[in-house]
Amino acid sequence: MGELLLIRHGETTWSASLRHTSYTDLELTPDGERQARTLAAFLAGRRFVTVLTSPRSRALRTAQLAGLTVDAVDEDLSEWNYGEYEGRTTVDIHDDDPHWNIWTDGCPGGESPAQVGERLDRVLARVTPLLDRGTVALVGHAHSLRVLGTRWIGLPPSAGGRLRLDTATVSALGHEHGRQVILRWNQPAPPAPGTATDSVPQS
């Protein structure tokens, strides 16, 4: 039984400034491209049954720089639709609504937790049968991949709030004694020799 690898895209200007980014199609920053290239060495030698990516350019570019051959673009891997909160930070949103929590409230004009969960369930339904043949890679975004991780282990989308996910990290879902489990989470690629380790902000 293969693993299901979840790869979050590299840094963008909005992820660096903690701004919610879903349908806004931003490019990677120079640091984001460097992060993605570092993933290439981390993933080298792995064989994938299939590689799926979000349609956003930051995910597609991360896949390319990480040395992955994308087999299909999957709209269901898009980031949580933040609706009216697109481009805003949590701190800014809390000025208007101090009690807002995306994991329970969703976003006005965007998606609810249940809606995000439904489409990530569709992704899992498509790729889980492929794990009999080997490892599958999914390249996407922080909130949607966090929801996917919780759905894999049978928890509601709201449980994704307990799973931090930084830019350009790899997480692995798999099995233990026939149960679906999280094998590894939020694992950064080792820094290239001679480079300083830097801290990546969460968005």
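Colleague: Thr-50, buried or exposed?
Modeller: Buried. This is a predicted model, and in it Thr-50 has a relative accessible area of 11%. The cut-off for buried is under 20%, so Thr-50 counts as buried.

Colleague: Which strand is Thr-50 in?
Modeller: Strand β2, residues 48-53.

Colleague: And what is Thr-50 in contact with, leaving aside neighbours within four places in sequence?
Modeller: Asp-71, Leu-130, Thr-135, Val-136 and Ala-137. With Asp-71 there is also a polar contact between the side chains, at 3.4 Å.

Colleague: How many residues apart along the chain are Thr-50 and Thr-135?
Modeller: 85. Their C-alpha atoms are separated by 7.6 Å.

Colleague: New topic, the largest nonpolar core. Which residues touch the most other members?
Modeller: Leu-4, Leu-6, Trp-80, Leu-138 and Leu-148. That core has 28 residues.

Colleague: Which elements each supply at least two residues of this core?
Modeller: Two strands, β1 (4-8) and β4 (135-140), plus the helices α5 (102-105), α6 (113-127) and α7 (142-152). The most comes from α6, with 5 residues.

Colleague: Is there another core listed, and of how many residues?
Modeller: Another one lies apart from it, of 15 residues. Leu-43, Ala-59, Ala-63 and Ala-137 are among them.

Colleague: Back to Leu-4. What does Leu-4 touch, not counting residues up to four places away in sequence?
Modeller: From residue 124 on, the partners are Leu-124, Val-127, Leu-131, Val-136, Leu-138, Leu-148 and Trp-152. Ser-171, Ala-172 and Leu-173 complete the list.

Colleague: Now α3. Which are the buried residues of α3?
Modeller: Ser-57, Arg-58, Ala-59, Thr-62, Ala-63 and Leu-65.

Colleague: What do the buried residues of α3 pack against?
Modeller: Strands β1, β2 and β4, and helix α2 (30-43).

Colleague: What phi does Gly-67 take, just after α3?
Modeller: A positive one, about 80 degrees.

Colleague: Last topic, the surface. Which residues make the nonpolar patch?
Modeller: Leu-60, Val-70 and Val-73. The patch is about 200 Å².

Colleague: Where does Val-70 lie?
Modeller: In the loop between α3 (57-65) and β3 (72-73).

Colleague: Why can Val-70 be in a patch?
Modeller: Val-70 has a relative accessible area of 31%. Patch residues need over 30%, so Val-70 passes that cut-off. Val-70 is still classed as partly exposed, because exposed means over 50%.

Technical notes: Residues numbered from 1 in each chain as written. Predicted model: local features only at pLDDT ≥ 70, side-chain atom pairs only at ≥ 80, totals over all residues. Heavy atoms only, no water. Patch = residues over 30% accessible without salt bridge, like charges linked within 9 Å, V, L, I, M, F, W, Y side chains within 5 Å. Areas by Shrake-Rupley, 256 points an atom, 1.4 Å probe, with all protein chains shown as cover. Salt bridge = Lys/Arg side-chain N within 4 Å of Asp/Glu carboxyl O. Helix = DSSP H or I, 4+ residues; strand = E, 2+ residues; numbered from the N terminus. Buried < 20%, exposed > 50% of the residue type's maximum accessible area, 1.4 Å probe, protein only. Core = buried A, V, L, I, M, F, W, Y, C linked by side-chain atoms within 4.5 Å. Contact = heavy atoms within 4.5 Å. Polar contact = N/O pair within 3.5 Å; in protein donor to acceptor, adjacent residues only side chain to side chain.
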